[in-house]
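Take a moment to look over the chain before reading on. The paragraphs below walk through it step by step.

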Amino acid sequence: MGVLTGTALTIIGLSASEVPVRPELIIAAVPGFLLGLVAVALVWTNLGYLAFWLTSVAALGELFSALLTAGKYPLAFFPRAVRVIMLSLLPLGLATTIPVQLLTGGVRPRLLLYGVGLVVLLAIITRVHWLAGMRRYSSASS
């Protein structure tokens with residue numbers, strides 16, 4: 001339901017702003033959104049894997065919620081150092097601002113290559129994190 005709402009809001013916002021949207025920009029924005037979605041899911045997964053090392057992970061949900069709140073704002077709103085973090089360590093900018101900028105022609109579609117590289121790197125980190133967690137795991141029943 002959230003995807004439909006977001007899509008509707010994007011269409012309404014672009015219509016109201018009278019920004020010309022060309023088909024090739026839509027074609028670039030969709031993969032940008034999907035890359036951002038996968039990147040955020042991988043970060044969330046890694047936060048969940050911290051349960052192998054922490055006794056309580058309740059605070060992680062609040063941390064991720066706060067990060068998602070920060071992701072509601074365009075990257076231009078933040079200082080340069082924060083933008084770098086939001087595009088690499090916590091790729092919220094890749095999921096939020098970059099697809100919109102691709103849609104409006106504000107950035108080059110070549111940025112998608114960065115997104116692919118980031119998602120591959122996050123997938124590798126997630127795999128290594130999972131394997132390390134499984135080596136450390138001890139069953140509650142044994």
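Helices here are DSSP runs of H or I with at least four residues, and strands are runs of E with at least two. By that rule, the chain holds 7 helices and 0 strands. Follow the sequence from start to end and the pattern reads α-α-α-α-α-α-α. Keep in mind that this is a predicted model.

Now step back to the whole chain. Along the principal axes, its C-alpha atoms fill a box of roughly 65 × 30 × 25 Å. The chain has 142 residues, and 28% of them count as buried. The accessible surface comes to about 9,300 Å². Carbon and sulfur atoms make up 72% of that surface. How much of the contact in the chain, at a separation of 6 or more, comes from residues 24 or more positions apart? The share is 67%.

Next, look at a pair of helices. Two packed helices are described by the angle between their axes and the distance between the axes. Helix α2 covers residues 23-49, and helix α6 covers residues 97-104. The two pack at an angle of about 170°, and their axes are 7 Å apart. That angle makes α2 roughly antiparallel to α6, because angles over 145 degrees count as roughly antiparallel.

Which residues meet where these helices pack? From α2 come L25, I26, A28, A29, G32 and F33. From α6 come P99, L102, L103 and T104. V30 also lies in α2. The C-alpha atoms of V30 and L103 are separated by 8.5 Å, although the two residues are 73 residues apart along the chain. V30 counts as partly exposed, because its relative accessibility is 46% and partly exposed lies between 20% and 50%.

Stay with V30, since V30 leads to the surface. A nonpolar surface patch of about 580 Å² is made by V3, V21, I26, V30, F33, L34 and L37. Helix α2 gives the most to this patch, with 5 residues. I26 and F33 belong to the patch, and both also meet residues of α6. V21 sits in the loop between α1 (2-17) and α2. Is V21 buried, exposed or partly exposed? At 32% relative accessibility, V21 counts as partly exposed.

Helix α1 brings in L14. L14 is buried, because its relative accessible area is 16% and buried means under 20%. Leaving out residues up to four places away in sequence, L14 touches V19, V21, L103 and T104. So what separates L14 from T104 in space? They are 90 residues apart along the chain, and their C-alpha atoms are separated by 8.5 Å.

T10 is placed in α1 too. T10 is partly exposed, with a relative accessible area of 32%. The C-alpha atoms of T10 and V100 are separated by 8.3 Å, with their positions 90 residues apart along the chain.

Finish in helix α6, where T97 has its place. T97 counts as buried, because its relative accessibility is 8%. Which residues does T97 contact, beyond its neighbours within four places in sequence? They are Y73, P74, L75 and L92.

Look back at α6 once more. T104 meets α2 and also touches L14. L103 does likewise, with contacts to α2 and to L14.

Note on methods. Residues numbered from 1 in each chain as written. Predicted model: local features only at pLDDT ≥ 70, side-chain atom pairs only at ≥ 80, totals over all residues. Heavy atoms only, no water. Patch = residues over 30% accessible without salt bridge, like charges linked within 9 Å, V, L, I, M, F, W, Y side chains within 5 Å. Areas by Shrake-Rupley, 256 points an atom, 1.4 Å probe, with all protein chains shown as cover. Salt bridge = Lys/Arg side-chain N within 4 Å of Asp/Glu carboxyl O. Buried < 20%, exposed > 50% of the residue type's maximum accessible area, 1.4 Å probe, protein only. Axes fitted to C-alpha atoms, helices over the stretch in contact; angles between N-to-C directions. Parallel < 35°, antiparallel > 145°, perpendicular 65-115°, else oblique. Contact = heavy atoms within 4.5 Å.
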